[in-house]
Amino acid sequence: MAEAHQAVAFQFTVTPDGIDLRMSHEALKQIYLSGVHSWKKKFIRFKNGIITGVYPASPSSWLIVVVGVMSTMYAKIDPSLGIIAKINRTLDTTGCMSNQTQNIVSGILFGTGLWVALIVTMRYSLKMLLSYHGWMFAEHGKLSAGTRVWMALVKLFSGRKPMLYSFQTSLPRLPVPAVKDTVNRYLESVRPLMDDQEFRRMEGLAKDFAFNLGPRLQWYLKLKSWWATNYVSDWWEEYVYLRGRGPIMVNSNYFAMDFLYLSPTTLQAARAGNVIHAILLYRKKLDRQEIKPILLMGSTVPLCSAQWERMFNTSRIPGEESDTLQHVKDSKHIVVYHKGRYFKVWLYHDGRLLKPREIEQQMQRILDDDSEPQTGEKKLAALTAGDRVPWAKARQAYFSRGKNKQSLDAVEKAAFFVTLDDIEQGYRKEDPVRSLDAYAKSLIHGRCYDRWFDKTFTLIVFKNGRMGLNAEHSWADAPIVGHLWENVMATEYLELGYSEDGHCKGDTNQNIPVPTKLQWEIPEECQEVIERSLSTAIALADDVDFHSFFFDAFGKGLIKKAKTSPDGFVQLALQLAHYRDMGKFSLSYEASMTRLFREGRTETVRSCTVESCNFVRTMEDPTESNENKLKLFQLAAAKHQHLYRLAMTGAGIDRHLFCLYVVSKYLAVLSEPWRLSTSQTPQQHIDLKKNPEMLSCGGGFGPVADDGYGVSYMILGENSIHFHVSSKISCSDTDSHRFGKNIQKAMVDIMGLFNLSKNCTK
């Protein structure tokens with residue numbers, strides 16, 4: 001076999017004089033270049049660590065401070081108020097330096113101390129400035145004089161050319177809200193969901209908690225907030241994600257789609273070649289911290305970048321009680337799945353990253369390989385799709401030694417996972433509804449054994465060249481994956497491109513070793529576990545109903561002309577649509593981010609409010625005037641925006657109650673499922689004004705409750721919004737397509753309250 005010859009690093013023959021050993025010069029060359037590449041990465045990380053460590057100052061500023069101190073000393077001016085003289089006297093006791101040397105060393109030591117003090121002062125000042133969030137509650141588009149001064153000071157203390165992690169030590173800690181404030185907000189949020197008797201009972205429980213047990217628990221939480229970087233994130237990751245024992249497929253993982261209309265190439269191997277190369281370019285920037293930190297408020301206020309740290313070279317490892325996240329510093333290979341076989345593909349050759357055409361060549365070699373899967377290999381990944389405990393036990397019993405351990409290590413320590421699917425997917429103009437729905441289901445679960453659901457993300461490239469992403473949720477939230485995905489699509493389409501015949505640009509290289517098939521020995525007992533996990537996963541996948549649709553009657557542009565937040569508009573449309581669909585109000589979840597704080601992740605915005613319910617009831621009352629409906633809409637929209645801002649600034653409800661850890665006991669309603677779970681995917685990188693053909697579909701997730709809906713939406717440019725709606729087929733009360741129609745009608749009906757509705761023609 002060709003791969004066997006490529007893998008040989010030496011040859012030996014038996015002669016009458018003994019064994020003749022001949023080392024392969026090519027192998028030695030590759031070893032040398034690999035070492036050079038590794039040391040380069042170590043040096044870059046060391047250098048970036050220093051630059052980030054002294055931010056908002058710079059390493060060169062040390063020299064400026066020291067030279068300044070030395071200059072004043074030679075001018076017979078003491079800038080240290082006697083400190084340099086004390087250092088001099090201390091050095092004099094050593095008796096090993098001349099007076100001139102002592103003066104130089106004293107000046108350098110004082111200058112260094114002064115430089116460090118300036119760094120600490122600037123960093124602390126920036127942290128204090130970033131702890132102010134009053135700007136968020138100001139009227140949109142209007143900045144007070146005080147806010148302008150604050151912005152100027154933030155920019156002054158923010159330094160120049162920040163790297164990805166430069167602001168991390170300057171970000172404030174997530175504050176712990178007062179128990180009484182959280183309880184009051186909680187009671188306000190559940191009021192529209194309860195009758196008077198239920199609410200009086202809940203009010204009594206809540207007040208008892210606020211005055212008795214709550215303050216005692218709060219003391220421990222305060223202690224944790226002083227000790228830990230973030231009092232929520234580690235518990236949230238462990239208890240919400242890693243301790244979940246059910247399938248993560250559909251229930252936790254989410255997906256991202258390709259361009260809606262654009263198809264850069266129909267060649268599967270070529271698309272994979274360019275996209276994999278673009279992902280690796282992104283990883284290279286990430287390793288070098290060349291990705292710019294996300295800044296709000298006119299490039300002033302930084303967001304936490306901690307979630308980027310585990311994007312690559314990471315896998316979720318199953319455990320019987322709790323999973324863990326395994327992250328390695330570097331990985332030089334990916335693992336590719338095709339028709340039941342697993343292939344290890346090296347990403348570097350001759351000490352450099354493979355070029356797109358070379359990666360295409362490797363993918364084509366895999367597509368052309370007609371070997372059969374080994375026994376038990378084809379459906380192996382079903383273990384990652386089913387319940388976690390059987391997977392944990394199987395991993396320990398059958399994958400902890402020998403070739404199975406080596407192959408599993410290759411998968412879990414890969415940079416990321418790739419599936420070359422043997423079916424076609426994507427938007428089809430002749431059947432837009434069913435094609436998008438099938439596309440979404442394929443990305444969220446596939447065949448339940450052809451995606452490695454434990455990897456941070458699986459790149460899926462279909463037979464017709466369309467693609468998508470399936471992402472594991474515990475390591476990061478959707479905006480981080482969205483940032484990667486938009487950058488990758490932009491790099492692929494705008495920078496890398498394709499030749500006229502659809503191939504990646506450049507030449508093939510036959511010297512690159514062919515992909516290596518991973519070797520497995522799957523015993524019958526393990527095959528039985530695989531089949532049981534697959535049955536669990538298939539039952540879950542078959543029960544998921546997805547409806548993905550493109551809403552282009554209007555978009556952000558018209559909503560802004562109505563002087564309304566686009567997100568608030570969509571959320572109220574969802575409340576109206578849900579009421580029409582279910583005939584009642586339900587506990588509603590909208591994800592908000594808390595990345596204004598160090599290691600912040602998400603907070604819940606409870607979008608079903610007294611104000612939104614009043615508005616929805618009025619919309620369903622034909623006797624009410626449009627004027628009154630519009631007034632109540634504006635009140636509800638303002639309330640939603642206020643709740644969103646509270647959540648972003650650390651004054652939400654659910655994360656605080658979660659950390660108090662008595663939610664289910666004292667506030668039983670919190671154990672109720674979120675029957676309407678929503679999330680907006682932000683558009684961060686692609687400019688649709690410059691490149692309107694790069695319209696993307698965003699991504700989606702499965703329903704949180706068996707009798708509820710999951711809704712993801714992406715506001716695309718000025719004129720359109722893409723929605724992804726999910727529900728369970730087994731629930732007779734929910735229907736994703738029916739709810740999708742209700743969403744579209746609610747959007748149009750609400751816009752009809754404004755005089756701008758004449759622009760809404762669809």
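A nonpolar patch, as the term is used on this tour, consists of Val, Leu, Ile, Met, Phe, Trp or Tyr residues that each have over 30% relative accessible area and no salt bridge, with side chains joined within 5 Å. The model on the screen is predicted, and each stop below should be read with that in mind.

Begin by selecting W219, Y220, L223 and W226, which together make a nonpolar surface patch of about 550 Å². Keep W226 highlighted and display the helix that carries it, α9, which covers residues 213-227. W226 has a relative accessible area of 62%, and because exposed means over 50%, this tryptophan counts as exposed.

For a contrasting setting, select T182, which lies in helix α7, residues 179-190. Its relative accessible area is 1%, so T182 falls under the 20% limit and is buried. Once residues up to four places away in sequence are set aside, the residues that T182 touches are P177, G652, I653, H656 and L657.

Move next to M70 in helix α3, which spans residues 59-74. M70 is also counted as buried, at 13% relative accessibility. Now show N103 as well: 33 residues separate M70 from N103 along the chain, while their C-alpha atoms are 8.9 Å apart. Beyond its neighbours within four places in sequence, M70 is in contact with N103, I104, G107 and I108.

Those contacts lead to the next selection, residues 104-126, which an unreviewed UniProt entry lists as a "transmembrane region". In the model the span is 100% helix and 0% strand, and a distance drawn between its end C-alpha atoms reads 33 Å.

Which residues of helix α21, residues 610-619, are buried? Selecting S612, C613, F615, V616, T618 and M619 displays them. To see what lies over these buried residues, add α20 (566-582), α22 (626-648) and α25 (736-751), which are included in their cover.

Finish at the strands β6, residues 314-317, and β7, residues 324-327, which run antiparallel and are joined by 4 bridges. The connection from β6 to β7 is a hairpin of 6 residues. To inspect one pairing in detail, select S315 together with its bridge partner in β7, Q326. When following the side chains here, it helps to recall that in a regular strand they alternate between the two faces of the sheet.

Conventions. Residues are numbered from 1 along each chain as its sequence is written. This is a predicted model: local features need pLDDT of at least 70, side-chain atom pairs count only at pLDDT 80 or more; totals for chains, interfaces and linings use all residues. Side-chain values use heavy atoms; hydrogens and water are left out. Patches are made of residues with over 30% relative accessible area and no salt bridge: like charges are joined within 9 Å, nonpolar side chains (Val, Leu, Ile, Met, Phe, Trp, Tyr) within 5 Å. Accessible areas come from the Shrake-Rupley method with a 1.4 Å probe; for residues, only the protein chains shown count as cover. A salt bridge is a side-chain nitrogen of Lys or Arg within 4 Å of a carboxyl oxygen of Asp or Glu. Helices (H or I, at least four residues) and strands (E, at least two) are DSSP runs, numbered from the N terminus. Buried means under 20% relative accessible area, exposed over 50%, partly exposed in between (1.4 Å probe, protein chains only). Two strands pair if DSSP finds at least two bridges between them. UniProt positions are given in the numbering used here, feature names are shortened, and annotations may be inferred rather than shown by experiment. Contact means heavy atoms within 4.5 Å.
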